[in-house]
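Reader: Hello! I would like to understand the reasons behind the labels in this model. Could we go through them together?

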Amino acid sequence: MVFRVGVIGTGNIGTDHANRIASQVSGADVVAVFDVATERAKEVASGVGAVAHATDGDVINDPEVDAVLIASPGELHAEQVLACIDAGKPVLCEKPLAPTTAECLKVIEAEVAAGRQLVQLGFMRRYDAAYVEVKAALDSGDIGEALMLHCLHRNPTAPDWFTSDLALTDSVVHEVDTSRWLLGDEIATVTVLAGKPSPKAGSAQDPQLVVFEMASGVLVTVESFIHAQYGYDVRCELVGSEGVASMDTPTLGAVTRRGGRTTVVPPDWRVRFGSAYQAELQAWVDSLASGEFHGASAWDGYAATAVAEAGLRARAEGARVAVELVDRPSFYAGK
Ligand code: NAD
Ligand code: ISE
C-alpha cells in the first residue's frame, strides 16, 4: 500500500520533508500541501505532484489524505495536531509539540480519548546513527552505569529574532529529548547559566550552559551556542562507570594538502541530520500500516515542553528549578 501524505507548512523543513517523502521514502506519496505562503506551497506541490489546498483543515480533512506531516511554526502545532486527532489521522509533527504544557496536555487528553496512538514528534536524533551507537553502548552494559552526559549544540548563526529564550525552547529542546531517550529517565531539575556573551551574539545571551539533574542523579551539561560562527556542531559524550561513549565532530570529509589537513564541518542541521530525517520519515511511513509508532510520542513532546518551561524560569530567576510533570497516563506506557 502507498500512503497518501498531506504536508502543512512548506518552509525550510516542510519542503525538505515533502521532497524526501516524494523521492526517497518508499511506501508514501505527498498528495496535498498547505502553507499561508501560497506561492511557495504551489511550487512545492508542483514539484512533488501534489495539490495545494486553501487551508490546513482542507489538507487534514481531505479524504485523499491518509496521514499528515506538520512543519508549520511551533505555536500552530497543537491546534493542527488536535484537528488531525479529531479526523482520526496519524500525524508526524515537527518539534515542539506546543510552546506551553497546557496545550500539550490538550493533545495528550485528545489522543488518550481517541484510544490509539496517532501522534509522533519530529525528534529525529533518535534515528541518527551516532546517537543510536551511544545508546547501544549504554544499553549493552559496555560502559557500565551512566554517570554524566555532556552535550554540545552549536549553530553557526541565528537571526535577530532568535532570542536566548528560543535557544532553550527551540534548540536545547533536542537535548531534552536526547537525554530522556538515551538515559531512559526523566529530568528532575534545570539550571541555566548565561556567562560572558559572544561579541557576535547581538543582544542574545549566548552561549548558555544548561544543567539537567536526572531523576536518577545522572548529570547532563548542554552548551547551547547559537552564534558559534564556524559551523553546525552537535554531539555528545556519555560518561559511564566503566567507559565513555562519544561521537566524533561530524565532518564532511578531510582535505590534505600543503602539509596540513582540513576537515569540513556541516553548515546546518539539514546536512548534519540528513540521514536521520530520512530514517525518521521511512520509519514513520512503515509504522502507518501497523499503527505502532516507535519515535517520540506526544508524552515525550509534553515532557520536552515542561523542561523548556522550567528552563525559562531557571534563567529568569537564576535558580535551579524542579520540573513538574503530571502523572503519565497508562496509555503511554512503553511509548
Ligand atoms: P520556516 O519558517 O522555514 O517554515 C514554516 C512555514 O510555516 C513557513 O513557510 C510559513 O509560511 C508556514 N506557516 C505559517 N503559518 C502557517 C499556517 N497557519 N499553516 C501552515 N503553514 C504556516 O520554519 P522551519 O525552520 O521550517 O521550522 C518549522 C518547524 O520545524 C518548527 O517547529 C521548527 O522548530 C521545526 N524544525 C525542526 C528541525 C529539526 O531538526 N527537527 C529543523 C528545523 C525546523
Ligand atoms: C532548528 O529548529 C532545529 O530543530 C535544529 O535541529 C536545531 O539544531 C536548531 O537549533 C533549531 O533552530
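Reader: Where does ligand 2 sit, and how do you know?

Author: Ligand 2 sits in the largest pocket. A pocket is an open set of points on a 1 Å grid over the protein atoms alone, with protein on both sides within 12 Å along at least five of seven lines; a cavity is a set where a 1.4 Å probe fits but cannot get out, and lining residues have an atom within 4 Å of a point. A molecule sits in one if more than half of its atoms lie within 2 Å of its grid points, and ligand 2 meets that condition for the largest pocket.

Author: A word on conventions: this is a predicted model, where local features need pLDDT of at least 70 and side-chain atom pairs count only at pLDDT 80 or more, while totals for chains, interfaces and linings use all residues. Residues are numbered from 1 along each chain as its sequence is written, chains are lettered from A and ligands numbered from 1 in the order in which they are written, and side-chain values use heavy atoms, with hydrogens and water left out.

Reader: Which residues are around ligand 2?

Author: Lys95, Met124, His153, Asn155, Phe162, Asp170, Ser171, His174, Tyr232 and Trp269. Each counts because one of its heavy atoms lies within 4 Å of the ligand. By class, this shell has four nonpolar, four polar and two charged residues. Nonpolar covers Ala, Val, Leu, Ile, Met, Phe, Trp, Tyr, Cys and Pro; charged covers Asp, Glu, Lys and Arg; the others, Gly among them, are polar. Helix 7 (residues 164–183) gives the most to this shell, with three residues. Helices (H or I, at least four residues) and strands (E, at least two) are DSSP runs numbered from the N terminus.

Reader: What makes the approach of the Ser171 side chain to ligand 2 a polar contact?

Author: A polar contact is a pair of N or O atoms within 3.5 Å; within protein, one must be able to donate a hydrogen and the other to accept it, and residues adjacent in sequence count only if both atoms are side-chain atoms. An oxygen atom of ligand 2 is 2.5 Å from an N or O atom in the Ser171 side chain, so the pair qualifies. Side-chain N or O atoms of Tyr232 at 2.6 Å and of His153 at 2.7 Å also have an oxygen atom of ligand 2 as partner. The protein covers 84% of the 300 Å² of accessible area that ligand 2 has on its own. Such areas come from the Shrake-Rupley method with a 1.4 Å probe, and for residues only the protein chains shown count as cover.

Reader: Which residues come nearest to ligand 1?

Author: Asn12, Ile13, Asp35, Lys95 and Tyr277, out of 26 around it. The space taken by ligand 1 is the largest pocket. A polar side-chain atom of Asp35 lies 2.6 Å from an oxygen atom of ligand 1, and a backbone N or O atom of Lys95 lies 2.8 Å from one. For ligand 1, the protein covers 79% of the 840 Å² of accessible area that it has on its own.

Reader: Why does Ser179 count as buried?

Author: Buried means under 20% relative accessible area, exposed over 50%, and partly exposed in between (1.4 Å probe, protein chains only). Ser179 is at 0%, so it counts as buried. Ser179 is in helix 7, and a polar atom of its side chain lies 2.6 Å from the backbone oxygen of Glu175.

Reader: How do Ala41 and Lys42 get their labels?

Author: Ala41 is at 2%, so it is buried, whereas Lys42 is at 49% and therefore partly exposed. Lys42 lies in helix 2 (residues 38–48), and Ala41 is found in helix 2 as well.

Reader: What kind of peptide bond joins Lys95 and Pro96?

Author: A cis bond, with omega of about -5°. Most peptide bonds are trans. Another cis bond joins Asp206 and Pro207, with omega of about 5°.

Reader: What is the sign of phi at Arg258?

Author: Positive, about 45°, although Arg258 is not a glycine. Most residues other than glycine have a negative phi. Arg258 is at 76% relative accessibility, so it counts as exposed. Gln229, also not a glycine, has a positive phi of about 75°; with 40%, Gln229 is partly exposed.
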